[in-house]
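Student: Could you take me on a close look at the salt bridges in this structure? I would like to see where the partners sit and what surrounds them.

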Amino acid sequence: FNPDAEKLLNELLNGKPVRYFSDDHSHRVFLDSTKLAGVMHDNLELLPTTDCSSLLPGARTDKWLSLQQTTAPISQVIVFCTYEMGGVNAGGMGIFLDALIRVLLTSNIRIIVLYDNMPENQMNDWKRRTLHDSGVKDEQQLKIASLQSIVKGFCSHCGADTYVERPTEPWKRAALWERGITKLYHHANFGPFDAVEFFEYFGPATELLLRRSQQLAGQNMPGLLPLSVVIIVRVHGSIAFINAVENRPMTEENYLLGVMERTGLAMADIVFYPSKPLRAFYEKQFILHSRRVALAPPPMKSVLTSMFDSAQSSVQTHWNAATKRDLLVYGKLQDTKGVFIILDAMVQLFKLHAHDGHGKLQRTHIHFYGMDMFGTLKMMRQRIPVRFQEQFHFHGPVPRQSLPKLVTHFRAAIFASQFESFCLSAHELHFLHMPLVVPDTLAFN
């Protein structure tokens, strides 16, 4: 999956010395591939990656580092690349982005949203609402563009002839984002701009960053994004950690997604993290240079106050959670959110206390509110013993405006997510004074 791997193998087969900079996992994978090819390792030197500059030949290291030092972190026109948006489709990332854009608009920063897989009419409505709510009269301060319309005519199957060496689906998407950003910059109605930001999920920035590395190497092809544009990657959800949590097999696609994720984090001009614990963890796991890392917590106060006004919150004035018995699970129904952990734990408790004289647990019910993802609901129902089925309830998604009243019926909410970046659902309930039971993980810390 490394474009240079075949070249390295050929050099070794021809008896030439090779120095290979990478992380420990990639070293192991490369060693395995050389063994399969029958290569002797006498001429192979494996060196650790300590910095993104280690990946660059000496001739371009100085150019790369000088660019890192002179680039302004935040500029006047920013492009956000997204497939989620608050008020248009579901997802905490979109709600966060919606709030962030509203904050930036009040600072007179111009915004361009390059969106994918969202209806054009709904995005136009979102733009009108956002400008109105932010009190912005200049419509040019917020522009939106569909990725599909910008890259119209660009081959949807393999990107273009220059992309055929990366034919897998993740690379196709990354190639489309690269072409979309580049065309947007040179588009009369949108460009130029100063910075572009990606949420790091499925490596969307990878192709754009690899193109930049070609520029740094002196391959100045026409129509590329100028080196002055800051490329930002915002940590959202690590593919590597999610794969580990869900025990996914190491398929070719999963391995490739991990490589793309590491590429984005290693080569971006700036990496944004939502919290100090996650920043420290990622710096250690991905061996990132601290100079390129910035702490950027989500504007949760702005997000939550826009969601729940004082009238909605007043519903809870006479609410006493201690008098309630039932428990709430709020959020998407999927393995990564820990729903099977919660279900199995409650079944175990019910079994342990089946003959409890007080009978409190027999009268306790668990209510799940959230969208069913990947057929999880069916699997959950199948693992509940018949005698406890009446104590588990599945309601589907709940309208956000109904949440302040809904929480008054419960003793506490339980979260068992194995990985989160900031967990919007937990923040919502905490804002509404709901007692929470959460795991001891980085995001919740």
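Tutor: Happily; here is a walk through the charged pairs, followed by the nonpolar cores, the cysteines and the confidence of the model.

Please keep in mind that this is a predicted model. Side chains of opposite charge can pair when their charged atoms come close. In this structure there are 11 such salt bridges, and we can visit a few of them in turn.

Let us start inside a helix. Aspartate 98 pairs with arginine 102, and their closest N and O atoms are 3.1 Å apart. Where do aspartate 98 and arginine 102 lie relative to each other in helix α4? Helix α4 covers residues 92–105, and the two are 4 residues apart in it, so about one helical turn separates them. Now look at how much of each partner is accessible. Aspartate 98 has a relative accessibility of 13%, which means it counts as buried, because the cut-off for buried is under 20%. Arginine 102, with a relative accessible area of 22%, is partly exposed. This pair also has company: a network of salt bridges links Asp98, Arg102 and Asp133.

The next pair joins two separate elements. Arginine 110 forms a salt bridge with aspartate 138, with 3.2 Å between the closest N and O atoms. Arginine 110 belongs to strand β4 (residues 110–115), while aspartate 138 sits in the loop between α5 (120–134) and β5 (142–146), so this bridge ties together parts that are 28 residues apart in sequence. As for accessibility, arginine 110 is partly exposed at 34%, and aspartate 138 is partly exposed as well, with a relative accessible area of 33%.

Further along the chain, the side chains of aspartate 344 and arginine 383 meet in a salt bridge, at 2.7 Å from N to O. Aspartate 344 is part of helix α14 (residues 339–352), and arginine 383 is in the loop between α15 (376–382) and β12 (392–394), so the pair connects parts that are 39 residues apart in sequence. Aspartate 344 has a relative accessible area of 31% and is partly exposed; arginine 383 is partly exposed too, at 40%.

Helix α4 and strand β4 bring us to the nonpolar side of the story. The largest nonpolar core has 53 residues, and Ile101 and Val113 touch the most other members. Helix α4 gives this core its largest share, 9 residues. Which residues does valine 113 contact, leaving aside its neighbours within four places in sequence? They are Phe80, Thr82, Met85, Ile101, Met123, Trp126, Leu142, Lys143, Ile144 and Ala145. Apart from the largest core lies another one, of 36 residues, which include Val79, Leu208, Leu225 and Val233.

What about the cysteines? The count of disulfides is 0. Cysteine 81 is buried at 5% relative accessibility, and cysteine 423 is buried at 7%.

Finally, a word on how far to trust the picture. The protein chain has an average pLDDT of 76, and 71% of the residues score at least 70. Over residues 36–40 the pLDDT stays under 50, and the model has 6 contacts beyond four places in sequence for them. Residues 155–167 also stay under 50, with 20 contacts beyond four places in sequence. Where pLDDT is low, the predicted coordinates should not be read in detail.

Key
Residues are numbered from 1 along each chain as its sequence is written. This is a predicted model: local features need pLDDT of at least 70, side-chain atom pairs count only at pLDDT 80 or more; totals for chains, interfaces and linings use all residues. Side-chain values use heavy atoms; hydrogens and water are left out. A salt bridge is a side-chain nitrogen of Lys or Arg within 4 Å of a carboxyl oxygen of Asp or Glu. Buried means under 20% relative accessible area, exposed over 50%, partly exposed in between (1.4 Å probe, protein chains only). pLDDT is the predictor's confidence in each residue, from 0 to 100. Contact means heavy atoms within 4.5 Å. A nonpolar core is a set of buried Ala, Val, Leu, Ile, Met, Phe, Trp, Tyr and Cys residues joined through side-chain atoms within 4.5 Å. A disulfide is a pair of cysteine sulfur atoms within 2.5 Å.
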